[in-house]
Amino acid sequence: MTISSRILFTFIVLSVSQYSRALCPSPLIFKTDMEALMIPEPSNPQMTAAQASRFLTQATFGPSLAEIRRLQSIGYEAWLNQEIAAAPTLQEPCMQATLADPDIPLFMNSRMESWFLNSSEGEDQLRQRMAWALSQIFVVSDTNGATFDVMGLAKYYDLLAINAFGNFRDVLEDITLNTMMGFYLSMFKNAKADAIAGTRPDENYAREILQLFSIGLHQLNMDGTPILDGTNPIPTYDQTVIENFARVFTGWNYGGCQNWDECNPIESNISAYDPMEPIETYHDTGAKTLLNGFNVAAGGTARQDLTAALDNIFNHPNVPPFISKQLIQRFVTSNPSPQYVERVANVFANNGQGVRGDLAAVMRAILLDAEARNPVASDQYGKLKEPLIRLINVWRAFDAKSASGRYDLWNPEFDYKQRPLGAPSVFNFYAPSYQLPGPIRNNDLVSPEFQITSETTVISVANSMHTFTYRGYQDPGNYEANKPHLRLQREAELIANPEALMDHLNVMMFGGQMSNNTRTVALELLSNLEDDNPQGRVASLIYVLSLSPEFVIQR
């Protein structure tokens, strides 16, 4: 797809309501219809509730009972088809409404509220999870003062949601020309070398699009293992290649800009958010040698050189295994087998219809693979759930809502060490290759999410989970109106039958994988809890279970 057609596509999706939707905060009507809350199992389920819950733990921000029943009714394939076809739930439209409402304060926090709202309540759950995963590969962060633009960041995240099941080549182009990425990694107003001024093109974006966004540092087999020269990995590029890519990425400025130094987004013809456009005078038109000796002829325009360079990256043999493995890590397991990686990478390389980079096909391959659907009896299988995913897991499992419809959790990084589009560096919150010292490193395994796990965060996450579980079961009048609280009517009804309650919690929180030991401990705890309010007893139990290793580790 050409640059101009991609711009048009993005504009249409963002502008026409029938192609997208927005969730905006609305007061909650508290219902206590127990029949509706329980949602009986379908008469002819395609799978057990536990199997459905485990799949949804991988594919969404967490199973809800309604979603479990939907999946049981229609099966994996139909569910994936519906999710991929679902219109994206976007942040920008709701934020525009917030900006226009004088009664809603602190617009700068509306992006965070929109993210929690969409992640917790969005009907396009697979798309929201994919956008979250992509945001940790194509990192842009508001920790850099140059990118502290609330609306710009919301639109960047929406771009990832829109592209979630598109083609990887289009994603590369869209992020490259996005102004937030341009500000963050210095491609915006990156000018060709000036011998008189003693300047040369900035190499920041050239380096990161290769190292982090596409191919990585070393040549890979299709199964993700390194290609070796004897015992040494083979680099994918050298400094000269970086310098040549830096020359490709020159000459780009605000859309509509004609003057390199004086363009300002407050001018009516200049856009701070539309894809960047070139000013050819500042583009390096010399010949360039890129990956694997690919030559870009001299005399090309900025767009022609960009297209050639992105095609060169996209067609590099590392892209399928490099990206596929990271997506497997984000959704299923930190240490996928080489065979699993290769199966998915082969789909990335060719979706069966000759198309490379089809992300919808890649996600189907990841989630329907035998290694995903059948728990592997190995202590090397699984992954530590990201802290924010743990929180939203609990919210979705127990229908959490706030009285106002808002999500007042503006600085989750204080407790969870994660903030959407707020990673401390371009290397994300944690590296895909991080190895926790001890048995994990000694066995040459990786444990990405453990990089933000420490004695401090174990306590801070536990304290915050207490706020959103034990405190959060209460009625709206006794709890902050802008914070979600758990709705535990159905669980309170089950408390008279502890075994049935454990069966229910096993499905909602553990995907049917609660061990006998955890069940025994939970039953004993429930019998010893002193709280006259049944919901309070259940909330205390949920809080303890939310800290258990079997909940924290996804398997």
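**Notebook: the largest pocket and two residues**

I looked first at the largest pocket, which is lined by 39 residues, with Gly224, Phe322, Lys325, Pro432 and Ser433 lying nearest its centre. A pocket here is an open set of points on a 1 Å grid over the protein atoms alone, where a 1.4 Å probe fits, with protein on both sides within 12 Å along at least five of seven lines, and lining residues have an atom within 4 Å of a point. I noted that this is a predicted model, in which local features need pLDDT of at least 70, side-chain atom pairs count only at pLDDT 80 or more, and totals for linings use all residues. Residues are numbered from 1 along each chain as its sequence is written, and side-chain values use heavy atoms, without hydrogens and water.

I then asked which helix gives the most to this lining, and found that it is H14, with six residues. Helices are DSSP runs (H or I, at least four residues), numbered from the N terminus.

Next I turned to threonine 333, which sits in the loop between helix H14 (319–331) and helix H15 (338–349). Threonine 333 counts as buried because its relative accessibility is 0%, buried meaning under 20% relative accessible area with a 1.4 Å probe and protein chains only. Its side chain reaches the backbone nitrogen of glycine 382 at 2.9 Å.

Last, I looked up glutamine 211, which lies in helix H11 (residues 204–211). Leaving aside neighbours within four places in sequence, glutamine 211 is in contact with Gly216, Leu217, Tyr237, Phe322 and Phe427, where contact means heavy atoms within 4.5 Å.

Conventions. Helices (H or I, at least four residues) and strands (E, at least two) are DSSP runs, numbered from the N terminus. Buried means under 20% relative accessible area, exposed over 50%, partly exposed in between (1.4 Å probe, protein chains only). A polar contact is a pair of N or O atoms within 3.5 Å; within protein, one must be able to donate a hydrogen and the other to accept it, and residues adjacent in sequence count only if both atoms are side-chain atoms.
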